[in-house]
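Trainee: Before we begin, could we go through some of the terms used for a structure like this one, and ask each time what earns the name?

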Amino acid sequence: MFNKGNIREEISNTLRILVATDCHLGYMEKDEIRRHDSFQAFEEICSIAVQKKVDFLLLGGDLFHENKPSRTTLVKAIEILRRHCLNDRPIQFQVVSDQTVNFPNTFGHVNYEDPHFNVGLPVFSIHGNHDDPAGVDNLSAVDILSACNLVNYFGKMVLGGSGVGQITLYPILIRKGSTAVALYGLGNIRDERLNRMFQTPHAVQWMRPEAQEGCQVSDWFNILVLHQNRVKTNPKNAINEHFLPRFLDFIVWGHEHECLVDPQEVPGMGFHITQPGSSVATSLIDGESKPKHVLLLEIKGNQYRPTKIPLTSVRPFEYTEVVLKDEPDIDSNDQNSILEHLDKVVRNLIEKTSKKSVNRSELKLPLIRIKVDYSGFMTINPQRFGQKYVGKVANPQDILIFSKASRKGRTESKIDDSERLRPEELNQQNIEALVAENNLKMEILPVNDLDVALHNFVSKDEKMAFYSCVLYNLEETRNKIAKDSDTLKFEEEDLILKERVKERSTNPKDGAQLSSGFQSSEDFRNKSGAGVGSAVSFSDDEDTAQLSGPKSTARGRKGSSSLSGAASELGKGKTSTRGRGRGRGRGRASGNLKQTTLDATLGFRPSQRSASVAATAAVHSIADDEANLDSASSEDAGRFEVDEVEDSSESEGVQGKGRKRAAPRGRGRGSSQSSKRGRKSEKSALQRMLMSKDDDDDDDDDVARRLNKPQPR
């Protein structure tokens with residue numbers, strides 16, 4: 001009785017877990033021979049779990065081979081789980097952690113606690129790189145099984161924010177008697193990103209169980225399940241064991257298909273790693289030819305006992321390598337001798353597999369793979385060679401694979417050649433490597449985002465992958481621009497102001513005109529009391545000066561054209577005068593449009609706006625005449641005195657507008673005629689600006705006649 005009591009106590013305090021990874025349901029489902037292999041292996045795993053009376057089944061990712069499995073695959077997977085998991089067997093453990101955090105689905109609790117289901121074998125699973133979440137709702141094929149209440153899906157991380165991101169791992173706290181287990185799950189994340197996250201401070205946070213009565217933090221047995229690259233030539237595309245925290249006790253490593261089920265201790269870290277490998281051979285390489293196993297893990301307190309269990313339903317697989325130059329019975333010039341030798345090797349491998357499967361009830365066709373080093377020899381057609389083995393092997397089309405030894409003769413290069421055949425390795429040939437290889441510079445879209453979009457488009461059949469990538473980068477760019485818009489606006493205004501100040505400093509004449517225009521507008525504003533000029537901004541004044549300057553020059557400079565062109569010939573002076581006449585019409589139209597816009601925005605009355613513009617134009621014309629008169633010499637003025645009188649008489653309808661005060665400002669000897677002309681047309685500036693459209697047409701006609709007049713000798 002004492003021994004039975006001890007046995008019962010030991011059973012009630014021992015947590016039994018069956019561990020398996022990489023089932024790849026649906027692999028080769030269109031192949032008539034190998035389409036059932038993955039389902040038969042998974043059926044055997046579930047049968048072992050029921051036979052060994054484990055508390056739950058723990059899966060390490062890649063339950064499905066495709067990201068969007070077919071309906072046939074989903075139906076078969078649900079049938080297997082329903083057949084083995086739904087029964088009236090009692091559950092001997094309990095989950096004491098916050099289940100809404102552990103299982104972030106609609107129901108938010110472990111499946112065996114649902115009163116509508118009778119779950120006898122709970123299944124806990126993370127996702128791998130083949131069945132990882134995708135799409136707008138970030139759903140995985142494992143979410144379908146979770147919604148059916150057949151699988152407890154955990155380890156699903158949401159990478160929020162910009163940059164490398166941040167994740168927090170919350171454990172599932174499991175209690176059975178005196179044994180306490182903290183189960184951490186980390187679904188597959190891109191290896192390069194997770195590698196950077198582990199090297200970024202506070203990017204990966206681990207939540208420890210709280211100390212309770214009778215159970216300290218050190219009493220918990222910590223298990224981690226992850227699905228990442230473990231061995232890689234490029235350290236950035238793999239996860240180093242030393243990245244993991246030291247408080248862990250046991251690690252289940254998925255994704256690697258080679259069966260290394262015996263726990264191995266990591267030096268200096270204090271935890272052990274088991275790598276169960278895949279239950280079905282998805283790549284015909286040496287690592288997959290080893291016998292397949294699952295692990296029975298028994299935990300009591302802080303101690304565990306591993307037991308590996310072989311899988312008998314797996315299709316036999318034999319792998320070998322042949323170097324033709326090392327075989328003495330092969331002639332390099334005789335292809336028949338090569339064929340005979342390879343046939344002998346294939347027959348030996350088939351016989352070897354049949355001896356291993358003598359006791360099996362159902363004999364399966366074996367998988368045969370021969371890697372041939374044909375350096376210095378001729379190759380043969382692998383398909384033609386495999387036709388003779390149809391019905392004898394499961395893969396007659398790819399029995400042979402040819403390769404050449406590298407010049408350095410290193411075995412590592414041979415392993416790399418074989419690794420290239422793995423679908424998992426083909427998926428890792430990303431855009432980043434291509435860009436680095438071809439020295440390309442991506443300027444619009446980031447390389448990492450484009451790599452993820454291409455992977456989702458090809459592997460996960462996401463039609464909107466590139467569209468989502470572009471939208472995400474557009475939103476990021478808009479947010480950045482909006483954040484810096486105020487600073488850029490101020491800098492741009494400062495730059496424009498500096499450019500204007502610089503232009504005025506280099507052009508003192510324009511600066512004098514602008515300053516005199518400001519002064520005259522201020523005087524006019526003080527006299528009339530209209531207050532129009534004060535509402536015009538700095539840029540508007542400058543535009544007004546630019547528009548009114550050519551008009552006042554074209555109208556009022558005829559009397560002093562000889563003075564402004566003192567350093568040039570008479571013909572050049574006439575040419576410049578005609579140029580001003582042509583610019584006058586365009587300037588007048590532009591000025592009217594500008595005034596209309598300002599009147600509509602500022603709400604001025606037409607009389608006030610016209611008065612202010614007329615006053616500004618008059619002051620600018622006076623400033624121009626004064627500058628030109630000062631610069632001209634008295635001798636040139638006397639020389640062209642006759643021409644000045646003739647020009648003044650010819651353009652009587654054009655000159656003098658806006659020059660009411662031009663006569664007293666003239667200081668040169670030749671300004672008497674122009675002053676007389678100015679006194680003849682005594683009109684205020686306001687009346688001249690309010691003249692009708694017919695007067696403008698007459699002015700245009702006068703300008704046209706003057707332009708058509710031949711030049712004087």
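Trainee: How many salt bridges does the structure hold?

Mentor: This is a predicted model, and the structure holds 14 salt bridges.

Trainee: What makes Arg230 and Glu241 a salt bridge?

Mentor: The closest N and O atoms of Arg230 and Glu241 are 3.2 Å apart, and a side-chain nitrogen of Arg within 4 Å of a carboxyl oxygen of Glu is what the term requires, so the pair qualifies. Arg230 and Glu241 both lie in the loop between strand E10 and strand E11, so the pair ties together parts that are 11 residues apart in sequence.

Trainee: Why is the contact of Lys352 and Glu318 called a salt bridge?

Mentor: The N to O distance between their side chains is 3.6 Å, which is within the 4 Å that the term allows, so the name applies. Lys352 lies in helix H7 and Glu318 in strand E16, so this pair ties together parts that are 34 residues apart in sequence.

Trainee: How do you know whether Glu318 and Lys352 are buried or partly exposed?

Mentor: Buried means under 20% relative accessible area, and Glu318, at 8%, therefore counts as buried. Lys352 has 40% relative accessibility, which lies between that cut-off and the 50% above which a residue is exposed, so Lys352 counts as partly exposed.

Trainee: How do you know that the length of helix H12 agrees with what is expected?

Mentor: At 1.5 Å a residue, the 13 residues of H12 should span 18 Å, and the end C-alpha atoms are 18 Å apart, so the two values agree.

Note on methods. Residues are numbered from 1 along each chain as its sequence is written. This is a predicted model: local features need pLDDT of at least 70, side-chain atom pairs count only at pLDDT 80 or more; totals for chains, interfaces and linings use all residues. Side-chain values use heavy atoms; hydrogens and water are left out. Helices (H or I, at least four residues) and strands (E, at least two) are DSSP runs, numbered from the N terminus. The expected span of a helix is 1.5 Å times one less than its number of residues. Buried means under 20% relative accessible area, exposed over 50%, partly exposed in between (1.4 Å probe, protein chains only).
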